[in-house]
Amino acid sequence: MQVKILSTSDVHGYVRADDFRRPLLNDGLGLTRAATAIKAVEDALAPTDVLVKIENGDFIQGSPLTNYIEKEAPAAVAVYRQLADVIGYDVRILGNHEFNYGRDYLERVIGDDPKLLNANIVDTITQKPFIGKPYAILEKQGLKLGIIGLTTKFISHWEQPDHIKNLTFLDPVETAQHYIDQIRADVDVLILAYHGGFAQDLATGAPLERLTSENQGYQLLQLPGVDALVTGHQHREIATVSQDVPTTQPGYRGDHIGAITLELNDAHEIVAHTANLITTADYAPDDKIETLIDPIQTQVDTWLDQAVGHVGENMQITDHFAARVHSHPFVELVNRVQMVATGTTIANTAIFNDEVRGLSNAVTLRDIMTNYIYPNTLVVEKLTGQAIKDALEVNARYFALTPDGKLTINPKFIMPKVQHYNYDIWSGIDYTFDISRPMNDRVVRLTKDGEPLNLMAEYEVTMNNYRAGGAGNFTMFAGDKIVREVQIETAELIGDYIMAHPAIMIPQPTNLTIIGFDGIADELKK
């Protein structure tokens, strides 16, 4: 007998094979292709085989479609359950981005789903799962399969406080151990489904990132009694066996399916196991999914194609590394919007990933929402000049030198997870990094209005709510430094600003300078 464990994770509302960008378009993704891939595996099973389907979180947030449903078409939330039913998931897990629209919205959209598993996010008063149940025991072909649902506890470090009010985020490893002890004797196969990833190398255990409680997958693999581990959150593509436990992480936006195979003997003992990924771009879209999503997708496309205004001819990003080295008019636009909205003169933002292409002169809502892809709001923190300098030192870690002195990206920002979003570019100050110097001693010039920044004085700085909690190793940012917030999503603020300023012309910024290198690494010139 074989047990096949198939998982999607971090679909983020990319249902159709469409990433919403125009004229660039990535169609090698989407839940509609994933559905066909899952069906192909199901059709190939022997009559005695068992199939388990897991939706591993970050399902209802993350795309223009999810934003449209939340803002413009609240009655359409039923489509999320309908999509899950077409796939036929056995269980579903909470992702961290499920909380981005607030607890009330989350409970309304998914709170009554009987397939939802949530072992470690509990109501502070009752100390029981605020929605969902801790585990499920499925019976298939005479086999009992236990699945425990877990979510990264680090949500409290990112999310707006009112979105997670009266919630306690328990440690997933301790919680998993508790429920393993409770159900292991009653099941033949025990699966952990965890919306989180790995902070350590699966072969050596060596740290791959700062060890926090964000990604505790490696620790989950150490727990006795675990037969398979499904992960997500990091958008990595992982399929391997570690600690004698098969584990997968199936990428992002439905571009891969995680597939774990367990071979069982007649006594229901596992005698072999494998893990692999299925690339969904190789499969045609599923007709049922497309029929279900097409009406709302048509509305979304009409909404996205609304004209907003004009921003000049220099807002397109064609060289992302150069834009991060020298700043860019698009970055300056976002920072300017942030400063105007909050009444500050210093702000920072990031070019989140290399799909961010900036804006053509004629701007639509689609352009804004496919460039500023997160539902961030704005936070103002009162920081000393020293704290600003310390933050810039963290930013300077983004860069490294090759052996021959060429400027490149620090590998820690590329592996195990691409983290361009953790490199901020600032406006309102002038600063210079000397990359030839040791890390944490690279800021060699820091001025404001032509004068050296006073390290003892306090300044108001605007940033997004994700960064304001210290995410990305910015320990100098903290909730007790917040002086005010603007609870309007940044993408909306950008649109409002463009509409209010019909003749925007922002020159190339000159406030960021990087020295101490001899040219750019060859791979970044391509």
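This note walks through a predicted model of one chain, point by point.

1. **Overall make-up.** The chain holds 14 helices and 27 strands. Its radius of gyration is 24 Å, close to the 24 Å that the globule rule gives for 526 residues, so the chain is as compact as a globular protein of that length. Along the principal axes, the C-alpha atoms fill a box of roughly 75 × 50 × 50 Å.

2. **Inside and surface.** Of the 526 residues in the chain, 59% are buried. The accessible surface comes to about 20300 Å². Carbon and sulfur atoms own 51% of that surface.

3. **Contacts along the sequence.** Take the contacts in the chain with a separation of 6 or more. Residues 24 or more positions apart account for 74% of them.

4. **Charges.** The chain carries 43 positive and 70 negative charges. How far apart are the mean positions of the positive and negative charges? They are 2 Å apart.

5. **The start of the chain.** M1 sits in the segment before β1, which covers residues 2–8. Is M1 buried, exposed or partly exposed? Its relative accessible area is 28%, and buried means under 20% while exposed means over 50%, so M1 counts as partly exposed.

6. **What M1 touches.** Leave out residues up to four places away in sequence. M1 then touches T48, D49, V50, Q141, L143, L262, E263, L264 and H268. E107 makes a useful distance check: M1 and E107 are 106 residues apart in sequence and 38 Å apart in space, C-alpha to C-alpha.

7. **A six-strand sheet.** Six strands form an open sheet with mixed pairing. The order is β4-β3-β2-β1-β13-β14. β4 (116–117) and β14 (270–279) stand at the edges, and each has a single partner strand, so one side of each is left without a neighbour in the sheet. At the β4 end, strand β3 (residues 91–93) runs parallel to β4, joined by two bridges. R92 stands opposite L116 in β4.

8. **A four-strand sheet.** Another open sheet has four strands, in the order β24-β23-β22-β27. The pairing is mixed here too. Why is one side of β24 and of β27 left without a neighbour in the sheet? β24 (451–452) and β27 (512–515) are at the edges with a single partner strand each, so one side of each has no neighbour. Strand β23 (residues 443–448) and β24 run antiparallel, with two bridges between them. T447 is placed opposite P452 in β24.

9. **Strand β12 and its cover.** Strand β12 spans residues 245–250. Six of its six residues are buried. In a regular strand, side chains alternate between the two faces of the sheet. On one side of β12 lie V245, T247 and Q249. On the other lie P246, T248 and P250. All of these are buried, so both faces of β12 are covered.

10. **Partners of β12.** Which strands pair with β12, and in which sense? Strand β10 (residues 228–230) pairs with β12 in the parallel sense over two bridges. V230 has T248 as its bridge partner in β12. Strand β11 (residues 237–242) pairs with β12 in the antiparallel sense over six bridges. There, E237 has P250 as its bridge partner.

11. **The hairpin turn.** β11 and β12 form a hairpin, with two residues between them. Look at Q243 in the turn: its phi is positive, about 55°.

Conventions:
Residues numbered from 1 in each chain as written. Predicted model: local features only at pLDDT ≥ 70, side-chain atom pairs only at ≥ 80, totals over all residues. Heavy atoms only, no water. Rg over C-alpha atoms; globule rule 2.2 N^0.38 Å. Buried < 20%, exposed > 50% of the residue type's maximum accessible area, 1.4 Å probe, protein only. Contact = heavy atoms within 4.5 Å. Areas by Shrake-Rupley, 256 points an atom, 1.4 Å probe, with all protein chains shown as cover. Lys, Arg positive; Asp, Glu negative; His and termini not counted. Charge placed at Lys NZ, Arg CZ, Asp CG, Glu CD. Pairing = 2+ DSSP bridges.
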